[in-house]
Amino acid sequence: MTELSEESVRMEVRTWLEQNWDENLGLVEWRSRLAGSGWGRPNWPQEWYGRGLSNNLATVVQEEIRQFGAVGAADSGVRMLAAATLLEHATDYIKDKLLHKIITGEDAWCQLFSEPGSGSDLAGLTTKAELKGDNWIINGQKVWTTSAHHANHGLLLARTDWDVPKHKGISYFVLDILQPGVEVRPLRQMNGHASFNEVFMTNAVIPKDMLVGKLNHGWEVAMTTLSHERRLADGLRQMGGTASKSKSKGKIFKELAAELKVESAPYKWYPQRAGRPDLTVNRARETGAINDPVIRQEVAKALTIHQANQWTGRRARQAQKLGRPPGPEGSLGKLAASHVARAAARAHTLTTGANSMLKGSDGDLNGIIAEVLLSVPAVSIAGGTDEIQRNIISERVLGLPKEPRSDTGPFKDVPRNVVS
Amino acid sequence: MLNGAVYSVVNSIQGTDMRYSFTDEQEQFRDFVRKFMSSHSATNAVRVQMETEQGYDRDVWKNLSESLGLPGLLIPEEYGGQGFGAIELGIALEEMGRSLLCAPYLGSSVLATTAILNTGTDKEKNQLLPDLAAGKKIAALALAEPSGQWDAASIETVAQESNGNYRINGTKSFVLDGSSADYIVVVARQENSVGEAGISFFIVDSSAAGLDKRLLDTVDETRKLSELKFTDVAAKPLGTVGDGAEALQQTLNLSYVALANEMMGGAQKLLENALEYAQLRVQFGRLIGSFQSMKHKLADLLMDVELAKSAVYYAAEAAAEGADDLPAVASLAKAFASDTYLKVAAACIQIHGGIGFTWENDTHLYFKRAKSSEVFLGGPDLHRERLIQNWQKS
């Protein structure tokens with residue numbers, strides 16, 4: 001297939017929008033049109049609601065839809081991870097059943113990977129799947145499940161063979177959350193928010209044909225999900241979620257606003273988790289702390305590492321843009337972000353002084369500063385701890401030897417946590 | 001000679017993206033400089049030069065001047081230089097810092113040359129710069145005094161005028177290459193002036209009567225610092241007498257960036273050395289680089305070095321553009337690079353263990369360079385203070 005030019009793609013999508021866009025449609029109705037036309041997910045294959053365009057051209061289409069003032073396909077939360085994984089690994093039966101509702105946003109998804117007993121060591125998971133007749137019966141517990149309370153589908157990793165090494169006995173399923181065997185409980189965090197859930201599965205049922213990829217090859221499938229999650233997390237770290245600024249009044253925008261409100265709720269505190277280095281200088285000025293030479297030093301340190309991290313990200317993106325081989329600068333953002341967050345939190349504490357003890361409306365910036373101080377510890381844990389990042393950097397970037405392992409035998413013999 | 005013609009494309013491709021990447025031509029330039037340094041400034045050569053009073057090898061300097069034209073990097077072609085900017089200067093210094101080059105480059109080709117570029121009249125530049133560009137003359141910038149401050153307000157050395165003739169009295173210290181220079185660019189103040197007023201630049205011949213030079217015993221033996229005492233020394237004004245404070249600050253801003261790039265080159269080399277040793281040394285039946293304590297330390301160092309690189313490259317481009325944020329980012333880069341260099345140097349000793357504390361191991365050479373660079377032109381706290389003062393963004 002010859003690659004279409006950017007200009008012709010812009011023209012084509014614009015023409016289509018002019019003929020089809022109607023802000024008085026319902027959100028699902030409009031997105032069904034998008035799905036049917038292939039403009040909702042233009043980089044998906046033609047047989048699955050797409051147009052087989054390159055990622056670059058798909059970005060062009062999204063830009064065009066945004067500039068036109070229309071609404072795009074649903075793209076928030078875990079649904080994009082689900083879509084990427086299903087497109088690559090699932091049967092046509094599953095794709096046919098689920099992809100359309102990912103585009104329309106009718107289905108919401110969650111990711112059932114982490115467990116109380118396996119955090120950094122994801123492959124040590126112990127949720128059990130046993131085949132009984134035509135169904136898989138699931139027993140186990142998941143944790144850190146964002147948005148499970150409003151999801152109806154879950155991407156589930158469960159163990160299907162205990163007699164082989166840990167990575168080789170895991171399978172990947174789609175779980176229907178809305179069934180009696182699945183209980184979702186919100187997990188309250190130290191900062192008071194409850195963005196995550198614990199999910200308990202007690203004899204939960206998965207029809208046999210909802211296995212994604214091959215039996216016992218779930219780890220490979222999970223890698224697809226995780227590689228997309230990393231990209232999503234990078235985005236979240238940068239932005240801390242986005243909100244629609246549209247001023248249009250049509251029915252569709254009301255529905256969109258409601259959707260966004262629900263879906264962005266778990267991420268409200270994410271900017272604070274990053275330490276809000278952007279606020280350090282102004283806070284010091286506004287509070288008068290800027291006149292304290294010690295505080296000036298700490299603000300300068302926070303500012304320095306924040307700027308250096310931003311510039312490092314730009315270096316990585318620029319190298320990519322120029323088609324140069326990726327240097328180490330592209331692998332350090334997550335670890336550096338932890339340092340930035342801590343440096344910023346230190347500066348905020350010094351600037352805020354005794355008021356650092358207060359939160360909510362008693363706290364500075366209506367509680368934002370307290371939320372920073374109480375959220376920063378998460379940044380060096382979520383999405384791979386600093387320690388795991390250092391392992392990855394030292395092994396993959398610096399080429400240092402891997403740790404000797406004691407978990408390479410059959411999984412049933414591997415020492416593991418006792419989870420009550 | 002690599003002249004402007006080869007690299008003319010470099011100066012034409014400038015935009016904000018340049019703060020995040022180098023052109024192919026710049027990478028090629030880096031390769032040339034690195035090759036030169038690896039064949040002329042291996043650490044055994046450094047060890048020979050640091051034991052000498054002069055502190056550098058005249059043949060290497062001649063070669064570096066003639067084959068690479070490095071002393072004239074910043075000097076416009078009309079004055080016999082290469083006509084490049086701060087980015088190429090940063091590349092050159094990064095490579096020099098990597099190999100601990102012993103040469104009057106920072107002192108003469110950066111500090112003194114920039115001062116002349118920023119203050120001299122066209123006539124003075126025509127007189128002075130071609131010889132500096134060709135490496136035929138060495139100049140030193142005498143700014144700091146025994147108080148150890150590199151700013152206009154701290155200057156106590158006085159230039160007295162009588163019938164259009166100037167005589168300098170005072171003591172300068174920490175003068176880089178002050179004993180080996182052919183002439184000294186002295187920053188002094190007019191009689192009875194205070195603060196930034198009355199700051200003036202002068203040229204003093206190294207053999208002038210009343211000039212007493214003393215080579216200081218430096219922690220970093222690869223950097224030769226001198227104390228210069230001026231007793232009624234006859235001096236020729238450079239540029240306009242009395243309004244040199246701004247030119248001085250411009251000179252310093254570029255010098256911070258240059259030194260920051262040099263420090264980063266040293267930090268990068270030390271990281272490589274530490275990494276190499278961690279993959280060589282066996283204890284407890286394993287490479288020490290297989291222990292998490294070592295792996296994590298090295299991962300942290302890589303992060304620090306890469307962040308510092310981003311800062312010094314950004315600052316070099318800001319200097320090349322003469323950007324508004326230069327005063328802030330030059331100081332940011334200086335403070336961050338020096339913290340990083342020292343951290344990497346200390347960690348590199350630690351990773352080497354006992355051998356890292358010996359004279360035989362090269363790490364101490366870098367550690368000492370890191371220590372002297374940390375405070376030369378002002379320490380990191382001072383530069384963080386300057387960052388806050390100059391940070392305009394809200």
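Colleague: Which domains, with which residue ranges, is chain B divided into?
Modeller: This is a predicted model, in which local features need a pLDDT (the predictor's confidence in each residue, from 0 to 100) of at least 70 and side-chain atom pairs count only at pLDDT 80 or more, while totals for chains, interfaces and linings use all residues. Residues are numbered from 1 along each chain as its sequence is written, and chains are lettered from A and ligands numbered from 1 in the order in which they are written. With bounds that come from an automatic or database domain assignment, chain B is divided into domain 1 (4–137), domain 2 (140–242) and domain 3 (246–390).

Colleague: Where in chain B is the pLDDT below 50?
Modeller: Chain B averages a pLDDT of 94, and 95% of its residues score at least 70. One stretch of chain B falls below 50 even though it has 22 contacts in the model beyond near neighbours in sequence, a contact being two residues whose C-beta atoms, placed from the backbone, lie within 7 Å. Where pLDDT is low, the predicted coordinates should not be read in detail. The stretch concerned is residues 1–16 of chain B.

Colleague: How far apart do the C-alpha centres of domain 2 and domain 3 of chain B lie?
Modeller: The two domains touch, since 9 residues of domain 2 of chain B are in contact with 9 residues of domain 3 of chain B. The domain 2 side of this contact divides into 5 nonpolar, 2 polar and 2 charged residues, where Ala, Val, Leu, Ile, Met, Phe, Trp, Tyr, Cys and Pro count as nonpolar, Asp, Glu, Lys and Arg as charged, and the others, Gly among them, as polar. From C-alpha centre to C-alpha centre, these two domains of chain B are separated by 30 Å.

Colleague: Within what arc do the buried residues of α4(B) fall?
Modeller: Helices (DSSP runs of H or I, at least four residues) and strands (runs of E, at least two) are numbered from the N terminus, and a residue is buried if 20 or more other C-beta atoms, placed from the backbone, lie within 10 Å of its own, exposed if 12 or fewer, and partly exposed in between. Arg58(B), Asp59(B) and Ser67(B) are exposed on one side of α4(B), whereas the buried residues on the other side are covered in part by α2 (24–40) of chain B. Those buried residues of α4 (58–68) are Trp61(B), Leu64(B), Ser65(B) and Leu68(B). Taking the directions from the helix axis to the C-beta atoms, they line one face of the helix because they fall within an arc of 115°.

Colleague: What element is included in the cover over the buried residues of α3(B)?
Modeller: In helix α3 (residues 43–50) of chain B, Val46(B), Gln49(B) and Met50(B) are buried. Their arc around the axis is only 95°, so they sit on the same side of α3(B), while Asn44(B) and Val48(B) are exposed on the other side. The cover over the buried residues includes α11 (363–375) of chain B.

Colleague: Which helix gives the most residues to the largest nonpolar core?
Modeller: A nonpolar core is a set of buried Ala, Val, Leu, Ile, Met, Phe, Trp, Tyr and Cys residues joined through C-beta atoms within 7 Å. The largest one has 174 residues, and those that touch the most other members include Val185(B), Phe202(B) and Val257(B). With 19 residues, the helix that gives the most to this core is α8 (245–278) of chain B.

Colleague: How far from Pro327(B) is Gln249(B) in space, C-alpha to C-alpha?
Modeller: Pro327(B) lies in helix α10 (residues 326–352) of chain B, and because 21 other C-beta atoms are within 10 Å, Pro327(B) is buried. Leaving aside residues up to four places away in sequence, Pro327(B) touches Asn253(B), Arg386(B) and Asn390(B). Gln249(B) is 78 residues from Pro327(B) in sequence, and the C-alpha atoms are apart in space by 8.8 Å.

Colleague: Is Tyr49(A) buried or exposed?
Modeller: Tyr49(A), in the loop between α2 (27–37) and α3 (55–68) of chain A, has a positive phi near 65°. Most residues other than glycine have a negative phi. Because 25 C-beta neighbours lie inside 10 Å, Tyr49(A) counts as buried.

Colleague: How many residues does α10(A) give to the side of chain A that touches chain B?
Modeller: The contact takes 35 residues from chain A and 33 residues from chain B. On the chain A side, the elements that give two or more residues are α9 (280–287), α10 (293–321), α11 (333–352) and α13 (386–397). Of the elements, α10(A) gives the most, and its number of residues is 17.
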